[in-house]
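Please examine the sequence and the structure shown below. The report that follows treats one strand and its neighbours, then the domains and the contact between the chains.

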Amino acid sequence: MSTAPKQTKAQRQAEQRAAQLETFKKKEAARKRNRILTIALSVLGVVAVVALVVTVIVINVQPKPDNSALLGNVQTFDNLEATHVEGTVDYTMSPPAGGPHNPVWLNCGIYDQPVPNENAVHDLEHGSVWITYQPDLPQAEIDKLKALTPSTYAVLSPFEDLDAPIAISAWGAQLKVTDPDDPALQAFIDKYWKSADAPEPGAPCTGGVDGPGKE
Amino acid sequence: MNRSRLVAAAIVVAVLLGAGGFLIGRFSSPTPVVPADSSAAAGFLRDMQVHHAQAVDMAMTIRDISDDPALRRLAYDIALGQSNQSGQMYGLLESWGLSQASSQPPMAWMSGPVIDGSSGDHGHTASSDGTMPGMATAAQLTELRSATGVAAERLFLTLMIAHHQGGLAMAEGVLARTTVPQVVSMAKGIEVSQQSDIDAMTAMLAALPAG
């Protein structure tokens with residue numbers, strides 16, 4: 001015979017309701033979990049994709065090293081004439097950084113004596129930089145300038161009556177510094193060496209005339 | 001509940017499609033990604049301009065000295081051809097907004113990784129004094145300028161064959177390290193034309209009277 005006491009109808013109904021409630025609560029909890037999981041996975045997915053895109057951009061578009069902030073002391077000169085003239089020219093800036101010049105350009109390279117302005121300015125027109133220094137600059141500092149001078153499209157020479165220990169000039173731009181280790185010198189080369197702002201960048205820097213004291 | 005899940009899924013799919021499209025476009029677009037400032041492509045374009053400039057100088061020098069029509073024509077070809085190529089290299093760097101000056105020593109790009117992952121020596125690196133392969137020394141250039149007749153022609157041919165061989169090594173070096181289409185096409189052109197020049201110069205050198 002049944003040992004369990006016979007339940008009343010009301011008792012059975014109460015148990016059923018409790019069971020239904022339990023089931024509903026479980027379903028509700030599972031649904032909530034799934035929703036959180038879905039959101040978390042979505043966020044993770046989006047973050048991963050964004051990270052991938054950013055990585056690709058950063059790897060491929062490495063900006064060139066920007067040292068132009070060092071160029072605050074550069075003097076620029078506009079509306080320079082580029083006519084060919086014989087004889088000496090009275091330049092408005094010293095050393096000259098552009099203007100009328102000799103028909104023959106100076107062969108680029110290292111010089112240990114002053115070079116004729118009118119030939120050197122022709123080099124600037126062809127995109128060269130011209131590094132000049134006071135003739136009494138110590139040899140160790142001159143050696144540093146030699147190391148800095150690009151192997152093409154550059155002239156290094158002493159310059160009489162220079163009002164700073166070192167000057168670097170390009171067509172229409174000039175910077176004067178006291179220290180050969182000044183990082184602004186390299187920044188100037190990065191910006192102005194073979195600059196597209198020179199009238200004829202890439203025109204020859206050889207096959208012209210040698211100045212005195214060419215290495 | 002199902003609706004919010006659907007919306008989330010739709011967002012994920014949309015972002016994935018967008019990003020996928022972006023990446024595919026980026027890598028397949030006919031306009032290439034601008035090469036990095038320190039890339040082999042940029043290094044090649046900078047160093048090869050310097051290398052070419054010396055070839056132009058030597059070719060113009062021998063054209064002034066020699067009276068051999070075949071050699072003078074070859075010199076004319078080298079001078080104008082390499083001068084034009086230098087301008088193209090200059091223009092590519094300008095169009096990509098890259099400095100003509102390098103932040104690295106000459107030929108540093110030749111020690112960078114190669115595309116196929118091998119550690120093989122694709123082209124030769126700079127010699128110990130930082131010069132590029134095949135470049136004539138300042139003393140050799142001076143010697144060429146003051147030489148005359150057959151001696152000048154022999155010296156020119158010897159120097160230019162070595163110069164072109166160095167150029168081939170640099171072209172081979174960049175082909176192993178870049179996929180930038182303009183640079184690949186230029187390097188392949190250099191390989192073909194400089195090899196043909198080398199063959200012509202080798203024959204000319206052999207035909208020179210002994211001296």
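Which residue in β4(A) is the bridge partner of A:G109? In this predicted model, the partner of A:G109 is A:V155.

**Strand β4 of chain A**

The bridge between A:G109 and A:V155 belongs to a wider pattern of pairing. Strand β2 (residues 109-110) of chain A pairs with β4(A) in the parallel sense, over two bridges. Strand β3 (residues 129-133) of chain A also runs parallel to β4(A), and five bridges join these strands. Here A:T132 stands opposite A:S157 in β4(A). Together with helix α3 (residues 139-148) of chain A, β3(A) and β4(A) make a right-handed β-α-β unit.

Strand β4(A) covers residues 154-158, and four of its five residues are buried, so the strand is largely enclosed by the rest of the structure.

**Domains**

Each chain has a division into domain 1 and domain 2, set out below with the separation of the domain centres, taken over C-alpha atoms.

| Chain | Domain 1 | Domain 2 | Separation of centres |
|---|---|---|---|
| Chain A | residues 7-62 | residues 68-192 | 71 Å |
| Chain B | residues 1-30 | residues 35-207 | 47 Å |

**Contact between the chains**

The contact takes 28 residues from chain A and 30 residues from chain B. On the side of chain A that touches chain B, α1 (9-60) and α4 (183-192) each supply at least two residues. The largest share of this side, 12 residues, comes from α1(A). By class, the side of chain A that touches chain B has 13 nonpolar, 10 polar and five charged residues.

Methods:
Residues are numbered from 1 along each chain as its sequence is written. Chains are lettered from A and ligands numbered from 1 in the order in which they are written. This is a predicted model: local features need pLDDT of at least 70, side-chain atom pairs count only at pLDDT 80 or more; totals for chains, interfaces and linings use all residues. Two residues are in contact if their C-beta atoms, placed from the backbone, lie within 7 Å. Ala, Val, Leu, Ile, Met, Phe, Trp, Tyr, Cys and Pro count as nonpolar, Asp, Glu, Lys and Arg as charged, and the others, Gly among them, as polar. Domain bounds come from an automatic or database domain assignment. A residue is buried if 20 or more other C-beta atoms lie within 10 Å of its own, exposed if 12 or fewer, and partly exposed in between; C-beta atoms are placed from the backbone. Two strands pair if DSSP finds at least two bridges between them. A crossover is right-handed if, with the strands pointing away from the viewer, the path from the first strand over the helix to the second runs clockwise.
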